[in-house]
Amino acid sequence: MSRVLQNLLMLLTCLFMIAAAAVVRYGTVAGIPAAAPSDTSVVSTSGSTTVINTASLCKNVSGYAGPTPLAVYITDGRIDSVQALPNVETPRFLARAEEALIHKWDGMTPAEARALQVDGVTGATYSSQSVIANMHAALDYAVNAAVTEGATTPFEPTAGFFASLAVVLCGCIVPLFVRSHRYRVVQLIVNVVVLGFWTGSFINYTAMIGLVGRGVAGWGSLILILMLVAAFVYPLFGRANHYCLWICPFGSLQELLGMSRLPKIHLSARATQALEWVRRTLWAALMLALWVGGWFAWTDYELFTAFMLDSAVTGVIVAAIVVCVLSLFIHRPYCRFVCPTGTLFKISESK
């Protein structure tokens with residue numbers, strides 16, 4: 001069997017593994033329900049209170065990890081309260097968005113609330129935009145009952161989007177033609193600054209499962225798709241580890257720190273093999289947790305999220321700092337001995 005065919009089969013295996021996790025988490029693959037959907041009424045009433053449920057109005061609206069449906073309670077023509085319905089969104093992002101937004105519309109008529117300009121929340125951008133989109137859909141429905149089911153979040157490109165797109169395109173294309181250490185250092189720096197601290201653009205399990213489960217969300221998914229091409233398709237043509245080496249912001253940060261002149265710790269072959277065995281065992285345990293639905297939350301604690309300082313949990317930031325310190329002495333320790341996402345990439349490249 002040719003090497004390309006072997007890698008293609010492993011790539012399909014990885015896709016099926018992620019699809020299985022997406023079914024467990026979202027019940028969908030590419031936005032298509034894996035089972036018959038339950039009937040969710042948009043409107044219900046209780047006395048003088050009307051309740052608008054956005055679950056079916058905004059089926060394709062998603063936050064960082066998943067949809068954020070709302071129940072909007074309207075009493076005597078005014079918004080009484082807004083409540084988040086059961087969801088799979090990353091809890092800390094949703095909590096931050098709720099804290100800032102959930103009471104902004106209280107006491108208003110639907111028309112007044114719809115005219116209110118509400119901005120996203122720093123540190124929970126995706127979650128807050130999803131909450132706002134759900135709220136607007138509910139308000140539109142309340143005003144004229146003319147909301148189309150399956151609404152999507154409108155794509156609004158930002159300076160960060162275009163900067164990230166440029167950085168990713170450079171990481172995908174320039175190394176194919178340019179072999180320069182100076183250029184490599186520049187690429188690593190912009191990866192950290194733009195993809196890491198500025199926009200928080202990277203591949204992790206949350207992003208992969210979300211894309212496979214919910215499908216492509218228009219132009220907003222372009223950067224992630226390009227990254228996935230570098231991670232999974234480039235190796236089919238001899239560019240193994242291209243994403244990890246040229247684009248990943250956390251890998252870039254570790255490599256930059258490793259360029260220090262501090263004395264390095266060279267691990268023995270036996271120690272390296274033992275640590276790689278630990279990495280593979282950890283990955284297998286975490287994948288099993290996804291498939292049985294026992295512990296999905298781990299996907300939100302990969303160290304990439306440490307770049308999102310406004311919303312990253314303290315433990316993730318501390319762990320990332322420890323890895324950064326180790327990177328001064330050991331070459332890319334997280335990439336080589338821990339990273340679950342990187343392990344998936346390695347499996348897809350197996351020969």
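# A guided tour, starting at helix H10

Begin by selecting H10: the elements that cover its buried residues include H6, helix H9 (242–246), H12 and H13. Before going further, keep in mind that this is a predicted model.

**Stop 1: helix H10 and its surroundings**

Which residues of H10 are buried? Colour Pro249, Phe250, Gly251, Ser252, Leu253, Gln254 and Glu255, and you have them. Seven of the 10 residues of H10 are buried, so the helix is largely enclosed by the rest of the structure.

Stay on Glu255 and show its side chain. Glu255 has a relative accessible area of 13% and is buried. Now add Arg332: the two form a salt bridge, with 2.6 Å between the closest N and O atoms. Where do the two partners sit? Glu255 belongs to helix H10 (residues 249–258), while Arg332 is in the loop between helix H12 (314–327) and helix H13 (333–337), so the bridge ties together parts that are 77 residues apart in sequence. Arg332 is buried too, at 6% relative accessibility. Bring in Arg184 as well, since salt bridges with shared partners join Arg184, Glu255 and Arg332 into one network.

**Stop 2: helices H5 and H6**

Next, select helix H5 (residues 159–173) and helix H6 (residues 181–198). Two packed helices are described by the angle between their axes and by the distance between the axes. Here the axes come within 10 Å and cross at roughly 150°. The crossing of H5 past H6 is left-handed.

To see the contact itself, show side chains on both helices. From H5, the residues are Ala159, Gly160, Ala163, Ser164, Val167, Val168, Cys170 and Gly171. On the H6 side they meet Tyr183, Gln187, Val190, Asn191, Val194, Leu195 and Trp198. How many residues of each class does this contact have? Between H5 and H6 there are 10 nonpolar residues, five polar ones and no charged ones.

**Stop 3: strands E4, E5 and E6**

Switch to a cartoon view and pick strand E4 (residues 49–53) together with strand E5 (residues 70–75). These strands pair in the antiparallel sense over five bridges. To follow the register, label Thr49, which stands opposite Thr75 in E5, and then Asn53, whose bridge partner in E5 is Ala71. Four of the five residues of E4 are buried, so this strand is largely enclosed by the rest of the structure.

Ala71 is a handy residue to keep labelled, as it also stands opposite Gln83 in E6. E5 and E6 run antiparallel and are joined by six bridges. Zoom in where the chain turns: E5 and E6 form a hairpin with two residues between them. Asp76, in that turn, has a positive phi of about 50°.

**Stop 4: two salt bridges at helix H3**

How many salt bridges does a search of the whole structure find? The search returns four, and two of them can be visited here. Select Arg78 and Glu112 for one of these: their closest N and O atoms are 3.4 Å apart. Arg78 lies in strand E6 (residues 78–84) and Glu112 in helix H3 (residues 110–115), so the pair ties together parts that are 34 residues apart in sequence. Are these partners buried or exposed? Arg78 is partly exposed, with a relative accessible area of 40%, and Glu112 is likewise partly exposed at 40%.

For the other, show Arg114 and Asp140, whose side chains meet in a salt bridge at 2.8 Å, N to O. Arg114 lies in helix H3 and Asp140 in helix H4 (residues 125–144), so this pair ties together parts that are 26 residues apart in sequence. Arg114 is partly exposed, with a relative accessible area of 30%. Asp140, at 26% relative accessibility, counts as partly exposed.

**Stop 5: Leu101**

For the last selection, go to Leu101 in helix H2 (residues 91–101). Leu101 is buried, with a relative accessible area of 1%. What does Leu101 touch, leaving aside residues up to four places away in sequence? Its contacts are Val118, Asp119, Val121, Ser128, Val131 and Ile132. Draw a distance from Leu101 to Ser128 to finish: the two are 27 residues apart in sequence, and their C-alpha atoms are 7.6 Å apart in space.

Key
Residues numbered from 1 in each chain as written. Predicted model: local features only at pLDDT ≥ 70, side-chain atom pairs only at ≥ 80, totals over all residues. Heavy atoms only, no water. Buried < 20%, exposed > 50% of the residue type's maximum accessible area, 1.4 Å probe, protein only. Contact = heavy atoms within 4.5 Å. Axes fitted to C-alpha atoms, helices over the stretch in contact; angles between N-to-C directions. Left-handed = near helix turned anticlockwise from the far one by under 90°. Nonpolar A, V, L, I, M, F, W, Y, C, P; charged D, E, K, R; others polar. Pairing = 2+ DSSP bridges.
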